[in-house]
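Thanks for making the time this morning; I would like to walk you through one model, and I ask that you keep the picture open while I talk. Please stop me wherever the wording is unclear.

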Amino acid sequence: AVVSTQSTGANVMQEYTHSGGVRPFGVSLLVAGVDQETPYLVQCDPSGAYFAWKATAMGKNHVNGKTFLEKRYNADLELEDAVHTAILTLKEGFEGQMTEDNIEIGICTSDGFRKLNRTEVKDYLAALN
């Protein structure tokens, strides 16, 4: 369902790029989800093209983030290590100091999606310092 949902969104975005007088979408989407216990991470760009990833970075300094992930990510990461890797990747392009007030962390597993609370985020950040 994750890939088909993203495909539907990508089709809408792609159709808009071909409509005269219609302003194209100007945002990329990164969608995480689980289909029958298989996790997916799908990126859709404004043109409607979509790509599946094991790990990726978007936004300002995304090149540095992707380079960092190429060196650090592997499919056998435990959840704790994956969260630490995500925070370290975010630090690659982050301006200022990261705190529990200016970042959010979500975890998507076969049990569903959950957003970490501020205390959990603070603990992860403290563990890295």
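Among the contacts in the protein chain between residues at least 6 apart in sequence, 40% join residues that are at least 24 apart. Please bear in mind throughout that this is a predicted model, and that what I report is computed from it. One pair that illustrates a long separation along the chain is Asp 35 and Ser 110, which are 75 residues apart in sequence, while their C-alpha atoms are separated by 8.1 Å. Asp 35 belongs to strand E1, residues 29-35, and with a relative accessible area of 15% this aspartate is buried, since the cut-off for that word is under 20%.

As for the overall layout, the protein chain holds four helices and five strands, and read from the N terminus the order of these elements is α-β-β-β-α-α-β-β-α. The protein chain has 129 residues, of which 25% count as buried. Its exposed surface comes to about 8,700 Å², with carbon and sulfur atoms supplying 50% of that area.

Let me turn to the interior. Which residues make up the largest nonpolar core? There are 10 residues in all, namely Val 83, Ile 87, Met 98, Ile 103, Ile 105, Ile 107, Leu 116, Val 121, Tyr 124 and Leu 125. The elements that give two or more residues to this core are H3 and H4, and the largest share, three residues, comes from H4. As a general background remark, nonpolar side chains in soluble globular proteins tend to be buried together.

Helix H4, residues 118-128, deserves a closer look, and its buried residues are Val 121, Tyr 124 and Leu 125. Why do these three sit on the same side of H4? They cover an arc of only 95 degrees around the axis, and that places them on the same side of the helix. The face of H4 turned away from that buried side carries exposed residues, Thr 119, Asp 123 and Ala 127. Helix H3, residues 79-93, is included in what covers the buried residues of H4. If we take Leu 125 by itself and leave aside its neighbours within four places in sequence, this leucine is in contact with Ile 87, Met 98, Thr 99, Glu 100 and Ile 103. At the N-terminal end of H4 there is a cap from Asn 117, where a side-chain oxygen lies 3.0 Å from the backbone nitrogen of Thr 119.

Helix H2, residues 62-72, can be described in the same terms, with Gly 65, Phe 68 and Leu 69 as buried residues. These residues cover an arc of only 100 degrees around the axis, and therefore they lie on the same side of H2. On the other side of H2 we find Val 63, Glu 70 and Lys 71 exposed, whereas the buried residues of H2 pack against H3.

Just ahead of that helix is a stretch worth pausing on, the loop between strand E3, residues 50-53, and H2, which is where Ala 57 lies. Ala 57 is buried, its relative accessible area being 13%, and, not counting residues up to four places away in sequence, it touches His 62, Gly 65, Lys 66 and Leu 69. Asn 61 lies in the loop between E3 and H2 as well, but at 35% relative accessibility it counts as partly exposed. The backbone of Asn 61 has a phi near 60 degrees, which is a positive value in a residue other than glycine.

Ala 57 also leads us to Gln 43, for the two are 14 residues apart in sequence and 9.7 Å apart in space, C-alpha to C-alpha. Gln 43 is placed in strand E2, residues 38-44, and at 12% relative accessibility it counts as buried. Its side chain makes a polar contact with the side chain of Trp 53, at 3.0 Å.

Finally, a word on cysteines, as someone usually asks. How many disulfides are there? The count comes to zero. Cys 44, at 0% relative accessibility, counts as buried, whereas Cys 108, at 27%, counts as partly exposed.

Notes. Residues are numbered from 1 along each chain as its sequence is written. This is a predicted model: local features need pLDDT of at least 70, side-chain atom pairs count only at pLDDT 80 or more; totals for chains, interfaces and linings use all residues. Side-chain values use heavy atoms; hydrogens and water are left out. Buried means under 20% relative accessible area, exposed over 50%, partly exposed in between (1.4 Å probe, protein chains only). The arc is that of the directions from the helix axis to the C-beta atoms. Contact means heavy atoms within 4.5 Å. A polar contact is a pair of N or O atoms within 3.5 Å; within protein, one must be able to donate a hydrogen and the other to accept it, and residues adjacent in sequence count only if both atoms are side-chain atoms. A disulfide is a pair of cysteine sulfur atoms within 2.5 Å. A nonpolar core is a set of buried Ala, Val, Leu, Ile, Met, Phe, Trp, Tyr and Cys residues joined through side-chain atoms within 4.5 Å. Accessible areas come from the Shrake-Rupley method with a 1.4 Å probe; for residues, only the protein chains shown count as cover.
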